[in-house]
Amino acid sequence: MMNSGQYYADELVAPAWLNDEFFRNMMRDSNNDPTIELTSACMLRPGTNMGDHFGSVMFRTTINYRSKRFKGEKSIKIIMKTKPEADGLKKELLDDDEMFAIEIDMYNNTLPEMARRLKAIGEEYKYPRCIYGALKPRTILILEDISDQGWVMGEFISTLDEMKPLVKDIAMFHAASVMIESLDPNFAAKYQHTIATKFIGLEGMLRKGFGDLMQLTAMYPEFAHFAKPLGKFQEDLKDFFDGMFLPSKTHQNVLIHGDCHVKNVMHRLDCEGRVMDTILLDYQVSCWTSPAIDLYYLLDLIPTQTVKDNHRCEIIYLYYQQYTDLLKRLGYKGKISSLLDLQLELLRFSGLELFHYAALASFRFMDHRLVDIEALLKGEIKNSVTDNPEYRKLMLTELSRFLHQGALSND
């Protein structure tokens, strides 16, 4: 029996339109085969456990079907993303079709082209196969379900070696995009958009995160000098986000994934449970801008704090080495930014890292399997994180670093 407490309420019962007739017609359309018939009813179940995603409403099912074009019966396991219909934060964040349109285009066009170019130099960029995507009459994206192919959701990565597959994935994604853009004058323009309003729309999370930090400045003398710079940073946050997703004027731009966090990757593990391969999911916010954005997500939202503290520069170095090597092998003829250029670009974008710490650091001090993600994004989580000495130690260290490097300033 399904434990309803494990899943979002809107994924316990599928909308009426998501029925056998829809799946039959979808299979006919996606396979260009009008003779396809289902051989059994599609039994829908929730797409993920609560907390493993937020925004889209997701379901899984198995489609069993036959056709006059082949003998016997075939089946395919799928996972689908639809727009939320119930009023609330989910619906507000996905109030238009822009993010679905981006992801459908990514799966149908850009990812296959990236994979094709990388395959030509002996590399493999993996992504779930797109079965179907449409904005009308209903907004939906259907992908092959890879969860029974050895791919599993993961936790924060705890060793440098286990970070390496994802570092290479990001490098491949960026390098292939630069190569495509160099040959297609319309490529960058297609992905010039911003999700700044989505960030600002999470005002509850921002209020709670910065509120915790301001509480520290009021309660503990060693934090008092951060009060004014934190207040100024928060006042300028909208302008910061507005500029963040524009093409960089100071560094080579790439197509970024834009949302590379621990719940948007899956791993294959070895017999001892160590990560040996990684695959990126969820390309809804990919855009043409600075690689610094993906690199801060990679640093801040994937590894444990210990891995980040001990290997921060090495992770960036590994990425840069992979990225430049791939560009050269792909035949890129343009100028490649230096490692120093990249480090300076990261410094220019250090406000994003500060935002990550302010809004999301407390998440590491909770049992995130029990966290209501919507409550977290609304800023309604009631926790005593400011009383946690490990949290205070981390934030004192990081806020001091931000002050010393200029991300926080009284000016």
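What percentage of the 411 residues of the protein chain counts as buried? In this predicted model, the share of buried residues is 53%. The secondary structure of the chain comprises 15 helices and eleven strands. Among contacts in the chain with a separation of 6 or more, 75% are accounted for by residues 24 or more positions apart.

Strand E3, residues 57–66, pairs with several other strands. Eight of its ten residues are buried, so strand E3 is largely enclosed by the rest of the structure. Strand E4, residues 74–82, runs antiparallel to E3 and is joined to it by nine bridges. In this pairing, Val57 stands opposite Thr82 of E4. Strand E1, residues 37–38, also pairs with E3 in the antiparallel sense, here over two bridges, and Glu37 is placed opposite Arg66 in E3. Strand E2, residues 45–46, is likewise antiparallel to E3, with two bridges between them; Arg45 has Arg60 of E3 as its bridge partner.

An open sheet is formed by three strands in the order E7-E9-E10, with antiparallel pairing. Its edge strands are E7 (152–153) and E10 (275–280), each of which pairs on one side only. Five bridges connect E10 with strand E9, residues 265–269, in the antiparallel sense. Met266 stands opposite Ile279 in E10. Beyond E10, the loop leading to strand E11 (287–289) contains Asp282. Although Asp282 is not a glycine, its phi is positive, at about 65°. Asp282 counts as buried because its relative accessibility is 17%, under the 20% limit for that class.

Helix H8, spanning residues 227–235, has Pro229, Leu230 and Phe233 as its buried residues. These residues cover an arc of only 100° around the axis, and they therefore lie on the same side of H8. An α-helix has 3.6 residues a turn, so residues three or four places apart point the same way. On the face of H8 turned away from the buried side are the exposed residues Lys228 and Glu235. The cover over the buried residues of H8 includes four helices: H7 (203–219), H9 (237–244), H13 (350–360) and H15 (389–405).

Enclosed space within the chain was also examined. Rolling a probe the size of a water molecule over the atoms shows where empty space is left. The count comes to two cavities of 30 Å³ or more. The second largest cavity holds about 40 Å³ of space. Its lining consists of His251, Pro291, Tyr319, Tyr320, Tyr323, Ser337, Ser338 and Leu342. Helix H11, residues 305–330, supplies three residues, the largest share of this lining. By residue class, the lining of the second largest cavity contains five nonpolar and three polar residues, and no charged ones.

Several loop positions have local features of note. Asn32 is located in the loop between helix H1 (20–31) and strand E1. The phi of Asn32 is positive, about 50°, although this residue is not a glycine. With a relative accessibility of 61%, Asn32 counts as exposed, whereas Asp282, which also has a positive phi, counts as buried at 17%.

The loop between helix H3 (98–119) and strand E5 (130–134) contains Glu124. This residue counts as exposed because its relative accessibility is 55%, and the limit for that class is over 50%. Glu124 and Met172 are 48 residues apart in sequence, and their C-alpha atoms are 8.9 Å apart in space. On the other side of E5, the loop between this strand and strand E6 (140–144) holds Pro137. The peptide bond from Lys136 to Pro137 is cis, with an omega near -5°.

Terms used
Residues numbered from 1 in each chain as written. Predicted model: local features only at pLDDT ≥ 70, side-chain atom pairs only at ≥ 80, totals over all residues. Heavy atoms only, no water. Buried < 20%, exposed > 50% of the residue type's maximum accessible area, 1.4 Å probe, protein only. Arc of directions from axis to C-beta. Contact = heavy atoms within 4.5 Å. 1 Å grid on protein atoms, 1.4 Å probe; cavity = no way out; pocket = protein on both sides within 12 Å on 5 of 7 lines; lining within 4 Å. Points joined across faces, edges and corners; volume = space filled by probe spheres on them. Nonpolar A, V, L, I, M, F, W, Y, C, P; charged D, E, K, R; others polar. Pairing = 2+ DSSP bridges.
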